[in-house]
Amino acid sequence: MFGKGLVKGLWTTLKHTFEWDITVQYPEEMPHLQPRFRGNLLYEIEKCIACGICVRSCPNNVLILEETRDAETKKKQVVTFTIDYQYCMYCNLCVETCPTNCLYFDHNFELAQFDREAIKTVYESPVGIKIKLDALDAEKKGETLSPEAEKEQKQITNMTNAVKKNPVKVLSRFVDDEAQAEILAEILLNDERKLERLVPLMIKDKEKAQKIAKAYVAKEIKQKDAPEKGGSE
């Protein structure tokens, strides 16, 4: 048994000794690739109907589709289509599920880049981008607040005016005493950003507003006491 295996192995070696070399001197010489070899994933944006089937079928979230809808034709339009090759495992599911055959692999396998972000390919559709920008412009021009948003904005405006008109009376509900209310009033009236932050909370979340108001007061008292302690030492 041992001798038979040895003879068979030597015969295989002898047979390959007189064959042509199959080593490819890459990159000077490019290898021969089979027709079904999967290299670079390519995308034809003109054929795409923005159905999103390829995105949903991809197991590694390699594909990102940004779409919009044409207001006149009601059809979806591609805005951008991104392929992130660094996560692709070349399973071919996106190609198989595409109804318009706009995805396919070619034989280009030299995809290495110095920067990882450069491995991505982003396809942009001028038509889709224009439709999206037109829709955003139209939305801005016809922008209206909902009844709830209008009511909330009115409450914020009224509360802001009340704080500016009679601050101690209004702010006393959010601190321990009138002395702290006076300190808080001085803080808010001198800093419009803090006032804009606290007023909506005074309407929607009283407990949180109290915590922030007391924090403002405590910080102010600490800053005022610091020079006095430093001078006494």
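# Close-up views of a predicted model

A search of the whole structure finds 6 salt bridges, and the structure searched is a predicted model. The legends below take up some of these pairs, and then turn to cores, helix packing and single residues.

**View 1. The side chains of E67 and K76 form a salt bridge.** The distance from nitrogen to oxygen in this pair of E67 and K76 is 3.5 Å. How accessible are the two partners, beginning with E67? E67 has a relative accessibility of 36% and therefore counts as partly exposed, since partly exposed covers the range between under 20%, which is buried, and over 50%, which is exposed. K76, with a relative accessible area of 33%, is also described as partly exposed.

**View 2. A salt bridge joins the side chains of E192 and K164.** Here the nitrogen and the oxygen are 3.7 Å apart. The pair links distant parts of the chain, as E192 belongs to helix α8 (residues 192–204) and K164 to helix α5 (residues 147–165), with their positions 28 residues apart in the sequence. E192 counts as partly exposed at 38% relative accessibility, and K164 counts as partly exposed at 44%.

**View 3. The side chains of D176 and K214 meet in a salt bridge.** The distance, again taken from nitrogen to oxygen, is 3.4 Å. D176 lies in the loop between α6 (167–171) and α7 (178–190), while K214 lies in helix α9 (residues 206–232), so the pair ties together parts that are 38 residues apart in sequence. Which label does the accessibility of D176 give it, buried or exposed? D176 counts as exposed, because its relative accessibility is 55% and the exposed class begins over 50%. K214, by contrast, is partly exposed, with a relative accessible area of 36%.

**View 4. The largest nonpolar core of the model has 25 residues.** The residues with the most contacts inside this core are L41, Y43, L63, F81, I83 and L103. Which elements give two or more residues to this core? They are the strands and helix labelled β1 (41–43), β2 (63–69), β3 (76–84), α3 (93–97) and β4 (103–105). F81 can serve as an example of how such a residue is surrounded: leaving aside its neighbours within four places in sequence, F81 is in contact with Y43, C54, L63, I64, L65, L103, T121, V122 and Y123. There is also a second, separate core, which has 23 residues and includes M159, V199, L201 and Y216.

**View 5. Helices α7 and α8 pack against each other at an angle of about 110°.** The axes of α7 and α8 are 5 Å apart. The two helices are therefore roughly perpendicular to each other, because angles from 65 to 115 degrees are placed in that class. Which residues meet where the helices pack? L184, I187, L188 and N190 in α7 meet E192, K194, L195 and L198 in α8. Sorted by class, this contact of α7 with α8 has 5 nonpolar, 1 polar and 2 charged residues. E192 thus appears in two of these views, as a residue of this helix contact and as a partner of K164 in a salt bridge.

**View 6. T82 has its place in strand β3.** T82 counts as buried, because its relative accessibility is 11% and buried means under 20%. Not counting residues up to four places away in sequence, T82 touches V62, L63, I64, K120, T121 and V122. The C-alpha atoms of T82 and E117, which are 35 residues apart along the chain, are separated by 12 Å.

**View 7. Y26 and P27 are joined by a cis peptide bond.** The omega angle of this bond is about 10°. P27 is found in the loop between α1 (2–17) and β1.

**View 8. A50 and N92 are residues with a positive phi.** A50 has a positive phi of about 60° although it is not a glycine, and the place of A50 is in the loop between β1 and α2 (53–57). With a relative accessibility of 0%, A50 counts as buried. N92, which is not a glycine either, has a positive phi of about 75°, and N92 is found in the loop between β3 and α3. N92 is buried, with a relative accessible area of 13%.

Conventions:
Residues are numbered from 1 along each chain as its sequence is written. This is a predicted model: local features need pLDDT of at least 70, side-chain atom pairs count only at pLDDT 80 or more; totals for chains, interfaces and linings use all residues. Side-chain values use heavy atoms; hydrogens and water are left out. A salt bridge is a side-chain nitrogen of Lys or Arg within 4 Å of a carboxyl oxygen of Asp or Glu. Buried means under 20% relative accessible area, exposed over 50%, partly exposed in between (1.4 Å probe, protein chains only). Helices (H or I, at least four residues) and strands (E, at least two) are DSSP runs, numbered from the N terminus. A nonpolar core is a set of buried Ala, Val, Leu, Ile, Met, Phe, Trp, Tyr and Cys residues joined through side-chain atoms within 4.5 Å. Contact means heavy atoms within 4.5 Å. Axes are lines fitted to C-alpha atoms, for helices over the stretch in contact, and angles run from 0 to 180 degrees between N-to-C directions. Angles under 35 degrees count as roughly parallel, over 145 as roughly antiparallel, 65 to 115 as roughly perpendicular and the rest as oblique. Ala, Val, Leu, Ile, Met, Phe, Trp, Tyr, Cys and Pro count as nonpolar, Asp, Glu, Lys and Arg as charged, and the others, Gly among them, as polar.
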